[in-house]
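Student: I should like to learn how to read empty spaces and helix contacts in a protein model. May we work through an example together?

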Amino acid sequence: MIQTHLYDSWLSPAARATEAFWWTRFLGGIPARLFLFLVGVSMAIRFESQLGKGIVDRATLCRGVIRRGAEIVALAYLFRLQEFALGGFGAPLSDLFRIDILNCIGACMIVTPFVAAPRGGRPQYVGCLLWAALFVALGPIIGPAHFPDWLPRPLTSYLGGQRPMAWFPLFPWAAWPLVGVAVGHWWVRASRDPGRQARTYLLTAVGGAAMTGAVILIRRIDPYIIKYPSELVQQMGPGSFFYRLGLLGPLALLGYGVTRALGGRFSMMRQFGRTSLLVYWIHVDLCYGLVSKRLHHRLGFGWATAGLVAMVALMLAISVLKTRYWKGWRRHERSRRPAIAG
């Protein structure tokens, strides 16, 4: 994520014309999908925890996720307002209502629990996958659709529409957390037995590789098996979805292996995962904002890569400071408040 934004903002036109830049964009297609997939996995972890406590009421299961989703949507608009202000109020007002990745994450957390929350204490594997298939199938149709002018674009852009307003509409992006919920339940239940857990992640990697390989094979046999009007619409189609979803399988096995090898020792990626929203918020401003304005579109790969190393180190330091001292500071402040009599 950090390398995608930094290279996109800081590389010169000549550097952007290289094959190396293409690879940064290819890798940059993974984080947004991975975030949404992990949103679903985190929902499954929450559901499993509540089920373990005997909570089976669907309204109760959904309520906390929906509340957190509403908070993230509110933060998304606050982030856009901050960007608008830091940019000197020169951007179009429509930028305030652009549906970016934070809006999509929040909206998915509001919508998906209604179909993904367990029923009668049982995970909704089939329901999640069927709804995910629906979002993927309709993605190339609703995702780039032109809605009537009398409908408010800040709202229709959550369903689909044209850029720059609709960057991450629910069609097809809501498919990722829905699949994440189904896979998350599978992973959590497998984690109760170490041997079964290892086999589960191995199967995840093999299945993912097979899925990506199948898409590559089909495209070689007939690259135009499904005809799309543009490359953008193609990215919303099932081929792109299954290709990218398959890539997450080997990544999951890699994450499992590294986690097992490290045990309880420090992990940079685990640390970033604990403060992902904070890291996202700060690094976007540093990459695209006024602080780095003199670097925008001026650097070669060498200097930009040096900047990337520095940026990652800074984000890691901020993340560690947040997890080590923020909660302790808040506890200290609460302890200093006078108790209310009575």
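Tutor: We begin with a term. A helix here is a DSSP run of at least four residues, and the elements are numbered from the N terminus. Please note also that this is a predicted model.

Student: Which helices each supply at least two residues of the lining of the second largest pocket?

Tutor: They are H1, H3, helix H4 (58-86), helix H12 (231-234), H13 and H15. The most comes from H3, which gives 10 residues. The volume of this pocket is about 1,700 Å³. Of its 50 lining residues, Thr4, His5, Arg25, Trp167 and Phe168 are the closest to the centre.

Student: What is the make-up of that lining by class?

Tutor: The lining of the second largest pocket has 26 nonpolar, 11 polar and 13 charged residues.

Student: How is empty space found in general?

Tutor: A probe the size of a water molecule is rolled over the atoms, and this shows where empty space is left. A pocket is an open set of points, whereas in a cavity the probe fits but cannot get out.

Student: How many cavities of 30 Å³ or more does a search of the whole structure find?

Tutor: The search finds 2. The largest cavity has a volume of about 70 Å³, and the second largest has about 30 Å³.

Student: Which residues line the largest cavity?

Tutor: Its lining is made of Arg33, Pro172, Trp173, Trp176, Gln235, Met236, Gly237, Ser240 and Phe241. Two elements, helix H9 (170-173) and helix H13 (238-262), give two or more residues to this lining. By class, the lining of the largest cavity has 5 nonpolar, 3 polar and 1 charged residues.

Student: Which residues line the second largest cavity?

Tutor: Around the second largest cavity are Pro144, Gly161, Gln162, Arg163, Ala166, Leu232 and Met236. Of these lining residues, 4 are nonpolar, 2 are polar and 1 is charged. Met236 appears in the lining of the largest cavity and also in that of the second largest.

Student: Let us turn to the backbone. Where are cis peptide bonds found, and what is omega there?

Tutor: One cis peptide bond joins Arg163 and Pro164, with omega about 15 degrees. Pro164 belongs to the loop between helix H8 (153-156) and H9. Another joins Phe171 and Pro172, with omega about 10 degrees, and Pro172 lies in helix H9. You have met two of these residues already: Arg163 lines the second largest cavity, and Pro172 lines the largest.

Student: Which residue other than glycine has a positive phi near 60 degrees?

Tutor: That residue is His297. His297 is placed in the loop between helix H15 (276-288) and helix H16 (301-336).

Student: Finally, how should I read the packing of two helices? At what angle do the axes of H1 and H3 cross?

Tutor: One looks at the axes, the handedness and the residues that touch. The axes of helix H1 (residues 2-10) and helix H3 (residues 19-52) cross at roughly 140 degrees and come within 9 Å. H1 is therefore oblique to H3. The crossing of H1 past H3 is left-handed.

Student: Which residues of H1 and H3 meet?

Tutor: From H1, Gln3, Thr4, Tyr7 and Asp8 meet Phe21, Thr24, Arg25, Leu27 and Gly28 of H3. The residues of this contact divide into 3 nonpolar, 4 polar and 2 charged. Thr4 and Arg25 take part in this contact, and both are among the residues closest to the centre of the second largest pocket.

Notes. Residues numbered from 1 in each chain as written. Predicted model: local features only at pLDDT ≥ 70, side-chain atom pairs only at ≥ 80, totals over all residues. Heavy atoms only, no water. 1 Å grid on protein atoms, 1.4 Å probe; cavity = no way out; pocket = protein on both sides within 12 Å on 5 of 7 lines; lining within 4 Å. Points joined across faces, edges and corners; volume = space filled by probe spheres on them. Nonpolar A, V, L, I, M, F, W, Y, C, P; charged D, E, K, R; others polar. Axes fitted to C-alpha atoms, helices over the stretch in contact; angles between N-to-C directions. Parallel < 35°, antiparallel > 145°, perpendicular 65-115°, else oblique. Left-handed = near helix turned anticlockwise from the far one by under 90°. Contact = heavy atoms within 4.5 Å.
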